[in-house]
Amino acid sequence: GIALSAEKNTHSLMERILLEAKSLSNADGGTLYLKDGDQLKFEIIRTDSLDISHQRNSDDEISLPPVPLYIDNQPNLKQVASNAAHSGKTINIADAYKAKDFDFSGTKLFDQGTGYRSQSFLTVPLKNHQGECLGVLQLLNAKHPQTGKIIAFPTDIQPIIEALASQAAVALENDLLLK
């Protein structure tokens, strides 16, 4: 929390948030989205096993389209990131390929193109002190600490990641207010 509040560079702050969340949860990948109007824009994407490291506004620009928060003026609840943004609740999915409530077609297309297997997701809204969603932190493919096998995100890590997300939202809001 102290390190987050001390960071003055927005991009460094967002990167630190994502890297700390990945480290705490032993996740292979992670994405940080920021709310921009009626959409969630990809800010940072990291996947260690694929050696992917993209950040918006960098030399290695993110080409993925934003996630719409609304479709036909209705809340987009089919995509897990937008659902978390609307509900304000953490969503823990053990296997995206078996999830019935969400549309993972984009994830499956990514997997087909890379040979990756997206499985477990932990999606946490970044809420400010008023409960407004500023963005979404999404972690991908928790790894068992001893075997490295992909597992579901343990429920006992959720409160820790939620606390980090809360601290991150406060730091992001303070940074935005200063600007």
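User: How do the residues of the lining of the largest pocket divide into nonpolar, polar and charged?

Analyst: This is a predicted model. The lining splits into 17 nonpolar, twelve polar and three charged residues.

User: How is such a pocket found, and what volume does the largest pocket have here?

Analyst: Rolling a probe the size of a water molecule over the atoms shows where empty space is left. In this model, the largest pocket has a volume of about 780 Å³. Its lining counts 32 residues, and closest to the centre are Tyr 33, Phe 42, Leu 64, Gly 106 and Thr 107.

User: Which element gives the most to the lining of the largest pocket?

Analyst: Helix 4, with five residues. Helix 4 spans 105-114. Other elements with at least two lining residues include strand 1 (27-36), strand 2 (39-47), helix 3 (80-87) and strand 9 (133-143).

User: Now the interior. How many residues has the largest nonpolar core?

Analyst: A nonpolar core joins buried residues through side-chain atoms within 4.5 Å. The largest one here has 25 residues. Leu 122, Leu 126, Leu 137, Leu 139, Phe 153, Ile 161 and Leu 172 have the most contacts inside it. Two or more residues come from each of helix 2 (10-25), strand 1, strand 8 (121-127), strand 9 and helix 5 (158-178). Helix 5 gives the most, with seven.

User: What does Phe 153 touch, leaving out residues up to four places away in sequence?

Analyst: Its contacts are Ser 25, Ala 27, Asn 92, Ser 120, Phe 121, Leu 122, Leu 139, Leu 140, Asn 141 and Ala 142.

User: Which residues are among those of the other core, apart from this one?

Analyst: That core has eleven residues, including Tyr 33, Leu 40, Leu 69 and Cys 133. Tyr 33 also appeared among the residues closest to the pocket centre.

Definitions and conventions:
Residues are numbered from 1 along each chain as its sequence is written. This is a predicted model: local features need pLDDT of at least 70, side-chain atom pairs count only at pLDDT 80 or more; totals for chains, interfaces and linings use all residues. Side-chain values use heavy atoms; hydrogens and water are left out. On a 1 Å grid over the protein atoms alone, a cavity is a set of points where a 1.4 Å probe fits but cannot get out, and a pocket is an open set with protein on both sides within 12 Å along at least five of seven lines; lining residues have an atom within 4 Å of a point. Grid points are joined across faces, edges and corners, and a volume is the space filled by probe spheres set on the points. Helices (H or I, at least four residues) and strands (E, at least two) are DSSP runs, numbered from the N terminus. Ala, Val, Leu, Ile, Met, Phe, Trp, Tyr, Cys and Pro count as nonpolar, Asp, Glu, Lys and Arg as charged, and the others, Gly among them, as polar. Buried means under 20% relative accessible area, exposed over 50%, partly exposed in between (1.4 Å probe, protein chains only). Contact means heavy atoms within 4.5 Å.
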